[in-house]
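Biologist: I'm new to reading protein models, so could we go through this one together, one question at a time?
Modeller: Sure, let's put it up and start looking.

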Amino acid sequence: MKQLGLAIDLKRCIGCKTCIVACRNFHELVNPSEAVPNQMPYYLHVESRWHGAYPSPALESWVVPCQHCPDPLCVPACPEGAIKKDPQTGIVRIDAELCNGCNAVPGQCGSEKTKSAPCAARCPAHMNVESYVRLAGNGRFKEALRVMKEDNPFPAICGRVCDHPCETECKRKDIDEAVAINFVKRHIADQDLKAETRYVPPIKAQRKEKVAVIGSGPAGLTAAYYLAREGYPVTVFEKASKPGGMLTLGIPAYRLPRDVIEAEIQVIRDMGVTIKTGVEVGKGTTVERLRKNGYKAFFFGIGTQKCKTLDVPGENLTGIYPALDYLRKVNLGEKAPLGKKVAVIGGGNAAIDGARCARRLGSPGTFILYRRSLKEMPARPEELEELEQEGIPIQTLTQPVRFIGEKGKVKAIDCVKMVLKGKDASGRRRPEPVPGSEFTIQVDGVIMALGQETDWACLTPDCACKLGDLGAMAVNPVTLQSDDADIFAGGDAVRGSSSVIEAIADGKQAAMSIDRYLKGEDLYAGRKTEWVPVENVQKEKYSPARRAVMPRLDPEKRLTGFAEVQLGLGEEQAQTEGQRCLGCSSACVQACPYGVIQFDGVKAKSHKCDLCVERVQFGEIPVCAATCLTDAIQFGELDLLRQKIAARGGEIVEALSRESILYVK
Ligand SMILES: Cc1cc2nc3c(=O)[nH]c(=O)nc-3n(C[C@H](O)[C@H](O)[C@H](O)COP(=O)(O)OP(=O)(O)OC[C@H]3O[C@@H](n4cnc5c(N)ncnc54)[C@H](O)[C@@H]3O)c2cc1C
C-alpha cells in the first residue's frame with residue numbers, strides 16, 4: 001500500500017487561512033454558529049497551530065487533522081463497520097451511508113455525542129466501553145477484543161473480578177437495568193485464552209533505554225505492556241515465586257481461574273517483557289544497583305503486602321492467620337490448617353475470599369465477624385450473594401477484643417457488640433462499643449482481614465522519593481512521577497488497597513509518563529484529565545429488555561473444590577446483551593487518540609478529513625494543498641514526500657509530525 005499524506009512547511013505558511021476556508025467550503029462543513037459545542041467546523045488547523053510562534057512541544061495538544069494512521073483505532077471501534085482504510089491509498093474514510101451516529105437522533109442529542117459515554121468517563125482506565133459492547137452486539141467479537149486491549153491488557157481478568165463502576169453509570173438503568181458490561185467483556189476477552197484467537201498488540205520500533213518494573217501485579221504488568229508496545233526493553237522484578245500480584249496470590253481460583261491469569265500474562269511475555277520472579281528489590285538488588293546496570297526509569301507497583309493488625313491480646317497465637325498469608329498459601333497449594341469453626345475478621349475482599357476458601361477447605365463452621373453493618377461492608381453485592389449461597393453467615397456489629405488460647409493455640413475470641421454513631425474520616429458510620437455487651441465465641445482458627453499497607457523496605461536511602469501520611473508513595477497525581485525523576489509509582493502502593501482496574505489505569509498512565517520522560521518530552525502536554533459524560537440519551541427509541549443473568553455453578557458443587565463459580569455468557573447471550581447498549585456517545589470519537597473525528601449534530605453523523613478522496617480518485621490533490629498561496633502544503637505518497645523534503649534540505653519536526661502528516665521546518 002502506498003500511504004498518502006500531507007507535508008506542511010512551517011516556514012512557508014503565511015497564516016492566510018485560505019486552506020481552512022477552502023476545506024470548509026469544499027466539504028460543506030457547518031457554519032461555526034451551528035457547530036457542535038467544543039468542535040471546530042473544519043478539518044485543518046494548520047495556521048492556527050503554529051502561526052506567529054515557532055513550533056514548540058506545547059502545540060502537541062492542539063487539534064490536528066486526521067493522521068490516516070497505519071493501524072487506525074477508529075476502524076475496529078465502529079460498530080457499523082462504517083470506517084475503512086483504503087488498501088491502495090491508506091486514506092481512512094467514514095462511509096456516510098453506513099454511519100448512524102451511534103444511534104443519534106438529529107436535533108436531540110447531537111452535541112452530547114462529542115462528550116464521553118458515562119461508562120467510559122467513569123471507568124478508571126477509560127475503556128471504550130461503548131465500542132466493544134456494541135461490536136459484541138453486532139457479533140464482531142474479534143474487533144471488540146482489539147478495542148478493549150487498547151486500554152486494558154487484562155480484559156479477561158477484569159471481566160471476572162472488576163468492580164465495574166462503568167455499570168453504575170450506565171444510562172440503560174433509566175429504562176430498565178444497566179447493561180451487563182462486565183459479562184460481555186468477559187465473553188469477548190476469553191478469546192485471549194487460546195493462542196489462536198489471542199490478540200498480541202504490535203510493537204513499535206525498538207528503543208534502547210531499559211526500564212525496570214518492580215512488582216508484577218496488575219499495575220506493574222500494565223506498565224510493562226504499554227512500555228513494551230512503545231519498543232522499550234522491560235524487565236519486571238517480582239519477589240514472589242509467581243507473577244500476578246494479588247491476582248495470583250490473593251484472589252482465589254473459583255473467582256479467577258489460573259489459566260486466565262497465565263494466558264493474559266503470556267501475551268505480555270510474547271511482547272518481549274522479561275519477568276524475573278523470586279527477586280526482591282531492596283534485598284539483593286537495589287534501585288541504585290539497577291541504575292548502575294543501565295536501567296533508565298523505574299515503575300514501583302509493589303502493592304500493599306503487609307496485613308494490618310488489631311493490636312489486642314493474643315493476636316500471636318497459632319491458628320490465627322493474616323488473610324494475605326492464608327490466601328497466599330491456599331493459592332500456592334500449601335497447607336494452612338484451621339479446624340472446623342473459623343472466624344474471619346473484616347468486611348472487604350480479603351475477608352470474603354478468606355471465608356470462602358476456608359469453607360471449601362474443610363471448615364464448615366466458617367463465619368465472618370464485622371464491626372459495622374452490612375450496608376457499610378466494602379464487599380460487592382454479588383460477592384455477598386455468593387457467600388450466602390455457600391452458607392457462610394456474617395455476624396455484624398461485632399468487634400474482637402481478645403484472643404484466648406490453650407497451649408499456644410487459639411480456642412476462643414472475646415468480643416463486644418458495637419453500635420454505629422456519627423461518621424469517621426472515611427465517611428462511613430463510626431462503630432463504638434456497647435458497654436457491658438461482651439461475649440465469647442469458641443473457635444478452632446481465625447483469619448484476620450483488617451486491610452493492608454505497603455512495605456517500603458525496598459526504597460534504599462539513595463532514593464529521593466517521599467511517602468505520604470498514609471504510608472503510600474507521594475507522586476504527582478497526573479504523571480505518577482515521584483520526587484526522584486526516574487521513579488514512577490502506581491496501583492495500591494500509591495492509593496492504598498484499591499482495585500484491579502485502578503491499578504491498570506495507573507500502570508497505563510505511568511507508562512505514558514516514562515515514555516515521555518525517556519524521550520525528553522513534556523510529561524503533561526495534552527493529557528486528558530477531565531471526562532465530561534453524556535447526560536441526555538435517546539431512551540424513547542428503546543424497548544425494555546432484561547439484563548443477562550450470569551449462570552453460576554450449583555452451590556453444592558462449589559464447596560468440593562475451586563472450580564469457577566461464574567460460568568460465563570454464551571455467544572448469543574453476549575450478543576443480545578451488547579444490543580442493549582444505548583450508544584450514548586460516538587464510538588469512533590472515543591477511539592481516536594488524536595481527537596480529530598467530529599460529530600455533526602445536524603446530520604447526526606461522524607465526519608473527518610479524508611484527504612479529499614473524491615478529488616484524489618480523479619488525479620487531483622486535496623483542496624488545502626491546491627489552494628495554498630505559498631505552496632506550503634504538499635500532498636503525495638509519504639515516502640516520496642520524505643525524499644522531497646530531504647532533497648530540499650528541509651527538516652521534519654518529529655515532535656509535531658505523526659503518522660501521515662509531516663511538519664517541516
Ligand atoms: C483477597 C483479595 C481479593 C481481591 N479482590 C478484588 C476484586 O475482586 N476486584 C478488584 O478490583 N480488586 C480486588 N482486590 C484488590 C486488587 O487485587 C488490588 O487492588 C490490585 O491487585 C493492586 O494491584 P498492584 O499491582 O498495585 O499490587 P499487587 O497486586 O499487590 O502486586 C504487587 C506485587 O509487587 C510484589 N512486590 C512487593 N514488593 C516487592 C519488592 N520489593 N520487590 C519485588 N516485588 C515486590 C508483590 O509480591 C506483588 O506481586 C483484591 C485484593 C485481595 C487481597
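Biologist: Is Leu 470 buried or exposed?
Modeller: Keep in mind that this is a predicted model. Leu 470 sits in the loop between strand E18 (452-453) and strand E19 (487-489). The cut-off for exposed is over 50% relative accessible area. Leu 470 has 84% relative accessibility, so it counts as exposed.

Biologist: What distance separates the C-alpha atoms of Leu 470 and Leu 640?
Modeller: Along the chain, Leu 470 and Leu 640 are 170 residues apart. In space, their C-alpha atoms are separated by 58 Å.

Biologist: Now to the ligand. How many residues surround it?
Modeller: The closest ones are Val 161, Glu 238, Arg 255, Asp 492 and Val 500. Counting the whole shell around the ligand, you get 36 residues.

Biologist: How much of the ligand's accessible area does the protein cover?
Modeller: Let's begin with some polar contacts: a nitrogen atom of the ligand is 2.7 Å from a polar backbone atom of Val 161, and a backbone N or O atom of Lys 239 lies 3.1 Å from a ligand nitrogen. On its own, the ligand has 1000 Å² of accessible area, and the share covered by the protein is 97%.

Biologist: Which element gives the most residues to the shell around the ligand?
Modeller: Several elements give two or more residues, among them helix H10 (218-229), strand E5 (234-238) and helix H14 (323-331). The top spot, with three residues, goes to H15.

Biologist: Let's talk charges. Which residue does Lys 508 meet in a salt bridge?
Modeller: As a general idea, side chains of opposite charge can pair when their charged atoms come close. Here the N to O distance is 2.9 Å, and the partner of Lys 508 is Asp 151.

Biologist: How many residues apart in sequence are the parts that this pair ties together?
Modeller: Both Lys 508 and Asp 151 are buried. Lys 508 belongs to helix H18 and Asp 151 to helix H6 (residues 141-151), so the pair ties together parts of the chain whose separation in sequence is 357 residues.

Biologist: What about the salt bridge between Lys 283 and Glu 280: is Glu 280 buried, exposed or partly exposed?
Modeller: These two side chains meet at 3.8 Å, N to O. Lys 283 counts as exposed, at 58% relative accessibility. Buried needs under 20% and exposed needs over 50%. With 27% relative accessibility, Glu 280 counts as partly exposed.

Biologist: And Glu 577 with Arg 580: what is the relative accessibility of Arg 580?
Modeller: The side chains of Glu 577 and Arg 580 form a salt bridge at 2.8 Å, N to O. Glu 577 is buried, with a relative accessible area of 2%. Arg 580 counts as buried too, at a relative accessibility of 3%.

Biologist: Which side chain of opposite charge is nearest to Arg 516?
Modeller: Arg 516 is in helix H18 (residues 500-519). Arg 516 is buried, yet has no salt bridge. A salt bridge needs N and O within 4 Å, while the nearest oppositely charged side chain is 4.8 Å away, and that is Glu 521.

Biologist: Whose backbone oxygen does the Arg 516 side chain reach, then?
Modeller: Beyond its close sequence neighbours, Arg 516 is in contact with several residues, including Leu 523, Tyr 524 and Arg 527. Its side chain also reaches a backbone oxygen at 3.1 Å, and that oxygen belongs to Asp 522.

Biologist: How many of the residues of helix H5 are buried?
Modeller: The buried ones include Val 129, Tyr 132 and Leu 135. They pack against several helices, among them H6 and helix H20 (571-578). H5 is largely enclosed by the rest of the structure because its buried residues number nine of the nine.

Biologist: Last one: at what distance does the side chain of Ser 363 reach the backbone oxygen of Gly 339?
Modeller: Ser 363 lies in the loop between H15 and strand E11 (367-369). At 3% relative accessibility, Ser 363 counts as buried. Leaving aside neighbours within four places in sequence, its contacts include Leu 338, Gly 339 and Lys 340. The Ser 363 side chain reaches the backbone oxygen of Gly 339 at 2.6 Å.

Key:
Residues are numbered from 1 along each chain as its sequence is written. This is a predicted model: local features need pLDDT of at least 70, side-chain atom pairs count only at pLDDT 80 or more; totals for chains, interfaces and linings use all residues. Side-chain values use heavy atoms; hydrogens and water are left out. Helices (H or I, at least four residues) and strands (E, at least two) are DSSP runs, numbered from the N terminus. Buried means under 20% relative accessible area, exposed over 50%, partly exposed in between (1.4 Å probe, protein chains only). Lys and Arg count as positive and Asp and Glu as negative; His and the chain ends are not counted. A polar contact is a pair of N or O atoms within 3.5 Å; within protein, one must be able to donate a hydrogen and the other to accept it, and residues adjacent in sequence count only if both atoms are side-chain atoms. Contact means heavy atoms within 4.5 Å. A residue is near a molecule or strand if one of its heavy atoms lies within 4 Å of it. Accessible areas come from the Shrake-Rupley method with a 1.4 Å probe; for residues, only the protein chains shown count as cover.
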